[in-house]
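Student: I should like to understand how the descriptive terms for a protein model are justified. May we go through them one at a time?

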Amino acid sequence: MNRPQPIDPAPGGLPDCLPQTILIAGDWRTACGGGTIPVTCPSDGAVFCEIAAGGADDVDAAVAAARAAFEGAWGALTATERGRLLLRLSAVILADFDRLVDIEARDTGKPLAQARADITACARYFEFYGGAADKVHGETLPFLGGYTVACLRDPLGVTGHIIPWNYPAQILGRSLGAALAMGNATVLKPAEDACLSALRIATLAGEVGFPDGAINIVTGTGEAAGAALAGHPGIDFVSFTGSPGAGTLVQQAAAINHIGCTLELGGKSPQIVFADADLDAALPVLVNAIIQNAGQTCSAGSRVLVEEPIADQVVERLAERFSALVAAPHDAGADLGGLINPDQVRRVTAFVDRARADGIALVAQGRVADDAPPGGHYVAPMLFAPVPATSELANEEVFGPVLAVTPFADEAQAVALANGTPFGLVAGIWTRDGARQMRIARAMRCGQVYINGYGAGGGIELPFGGVGRSGHGREKGFAALHEFSQIKTVVVNHG
Ligand code: NAD
């Protein structure tokens, strides 16, 4: 097996020693077409390494390798053995913590504190799914006399995983962890903007003894490698996280091959704040839910719906906090880092410009640190209020540090506004009224509801996913184990 060199722990030289190649059947290779893609650090805009530009031929080879592993060494392991490998992977991720944090922060521009949380979560996914691997039991069903019926939980076979750039290590952990626990062999296509942690984690997986081909990594663009994977006739399932547009293409490709898919496509998640809420507890959470990862979080709390009697007070107190926020390089200990690439900066800025042109008030704004490198992809956090419920800013995902505040008159209007966008991923409810908490939670059209709290992206154990334009299927927790497996019903006539 062609093993990559260990990466150099010295800051600055680190990514030079990453395997900047494609992993197929345990072998690190250049792309069949020989192409590469430059990797840029969002903190300063400088290119610091390159990755392989994989395409259809590479995906072909990766899918064949996964199939061979599924029918061979990987498929032969027991659930307990798979679980132990996942637990070992979790442990070596933690042992490699500082290097992975540094890679993730440089690749995405996220503050080191967020990168630490992400690598911790990634290890926790492998720990959770390692422990769960041999605890997914089938069922027996009552049937006719003289029969015993067993429902077995079988793996799907070869699973494709297309992941985004916002939480690369976390989403790799949640997607591969669950699929591998159930015995599937995997092909991962990380985002072209951030795939270095995937390359490092795959290296570690090889070192702890995952059989060749259980995990294959094809880097490359969405149009080339992503589309080839989604449409490959040799895969049995595809798990996608990213934009609604690309999600549509992935689901269309899956439909042609008659396979299942999960789509996790983002949201416009509301936090509903009633007049009786504990504002001291709510305010820091409201701010963090939108500035975490510079707002590039599918479950970002990007809307605050606030009851009219306290609307002015909430806006004033949010404005105080927003004015103090600072965006700076990933290693500066700031509130937020740069956005992933210049396209995202343009996209977010365009939303802001259109909102202002529509007369929506920008009531507070943070700042970009004076010494932030001019080439960095920074956007200062912004607070808009009051935001009309019909406006673009109240309905479309900005994927940046922009918070929209909309007042409401009563509970019925709060529910209507919360459910009034095409998305439905997460909702937060802030009230001390216990009956209202459950009444509204049940009325929410989304996949996850927090009461007097909010967890943008958190909760390895908690089933997570959306409705409507937020997608379908559930990641995380035991629910994901069901997504990555299928029931086979065995009917025994024993007389
Ligand atoms: P994207 O959907 O284009 O990329 C996500 C992943 O899908 C990447 O790995 C990409 O290479 C791949 N991909 C792209 N086109 C594909 C195709 N035709 N077939 C198969 N795979 C394909 O997202 P983006 O362009 O990087 O970001 C654009 C917007 O998407 C963001 O502004 C944001 O609104 C949204 N987004 C959402 C999430 C999320 O977590 N839900 C993550 C990233 C981006």
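**Reasoning from values to terms**

Tutor: We begin with an open sheet of seven strands, in the order E15-E17-E18-E13-E12-E19-E20, whose pairing is mixed. Please keep in mind that this is a predicted model.

Student: What makes strand E15 (362-365) and E20 the edge strands?

Tutor: Each of these two strands pairs on one side only. From one strand to the next, the twist averages 20 degrees.

Student: How do you know that strand E17 (residues 382-384) and strand E18 (residues 402-408) pair?

Tutor: Two strands pair if there are at least two bridges between them. E17 and E18 are joined in the parallel sense over three bridges, and the criterion is therefore met. Within this pair, Phe384 has Ala404 in E18 as its bridge partner. Helix H11 (residues 308-323) lies across strand E12 (270-273), strand E13 (303-307), E15, E17 and E18, and runs at about 140 degrees to E13.

Student: Which strands stand at the edges of the open sheet E5-E6-E22, and why?

Tutor: That sheet has three strands with antiparallel pairing. Strand E5 (139-141) and strand E22 (485-493) each have a single partner strand, so one side of each lacks a neighbour in the sheet. Neighbouring strands here are turned by 25 degrees against each other on average, direction ignored. Strand E6 (residues 147-155) and E22 pair over nine bridges in the antiparallel sense, and Cys151 stands opposite Thr489 in E22.

Student: Why is Thr21 called buried?

Tutor: The cut-off for buried is under 20% relative accessible area. Thr21 has 18%, and it is therefore buried. Thr21 lies in the segment before strand E1 (22-24). Not counting residues up to four places away in sequence, Thr21 touches Trp28, Arg29, Thr30, Ala52 and Leu199.

Student: Is Gly468 buried, exposed or partly exposed, and what makes it so?

Tutor: Partly exposed covers the range between under 20% and over 50%. Gly468 has 44% relative accessibility, so it counts as partly exposed. The place of Gly468 is in the loop between strand E20 (448-451) and strand E21 (471-472). Leaving aside neighbours within four places in sequence, Gly468 is in contact with Pro422 and Arg445.

Student: Why is helix H4 (residues 97-108) described as mostly covered?

Tutor: Ten of the twelve residues of H4 are buried. Among them are Phe97, Leu100, Val101 and Ile103. The buried residues of H4 pack against strand E3 (36-40), strand E4 (47-52), helix H3 (79-95), H5, helix H6 (168-181) and helix H7 (196-208).

Student: How do you know that the span of H4 is close to the expected value?

Tutor: From its first C-alpha to its last, H4 reaches 16 Å, and 16 Å is expected at 1.5 Å a residue. H4 is followed by Gly109, whose phi is positive, near 80 degrees.

Student: What makes a set of residues a nonpolar core?

Tutor: Its members are buried nonpolar residues joined through side-chain atoms within 4.5 Å. The largest nonpolar core has 91 residues, of which Leu89, Ile93, Phe126, Leu196, Ile201 and Phe210 touch the most other members. Helix H5 (residues 112-132) gives the most to this core, with ten residues. Another core, of 26 residues, lies apart from it and includes Ile290, Val315, Leu318 and Trp430. In soluble globular proteins, nonpolar side chains tend to be buried together.

Methods
Residues are numbered from 1 along each chain as its sequence is written. This is a predicted model: local features need pLDDT of at least 70, side-chain atom pairs count only at pLDDT 80 or more; totals for chains, interfaces and linings use all residues. Side-chain values use heavy atoms; hydrogens and water are left out. Buried means under 20% relative accessible area, exposed over 50%, partly exposed in between (1.4 Å probe, protein chains only). Helices (H or I, at least four residues) and strands (E, at least two) are DSSP runs, numbered from the N terminus. Contact means heavy atoms within 4.5 Å. Axes are lines fitted to C-alpha atoms, for helices over the stretch in contact, and angles run from 0 to 180 degrees between N-to-C directions. The expected span of a helix is 1.5 Å times one less than its number of residues.
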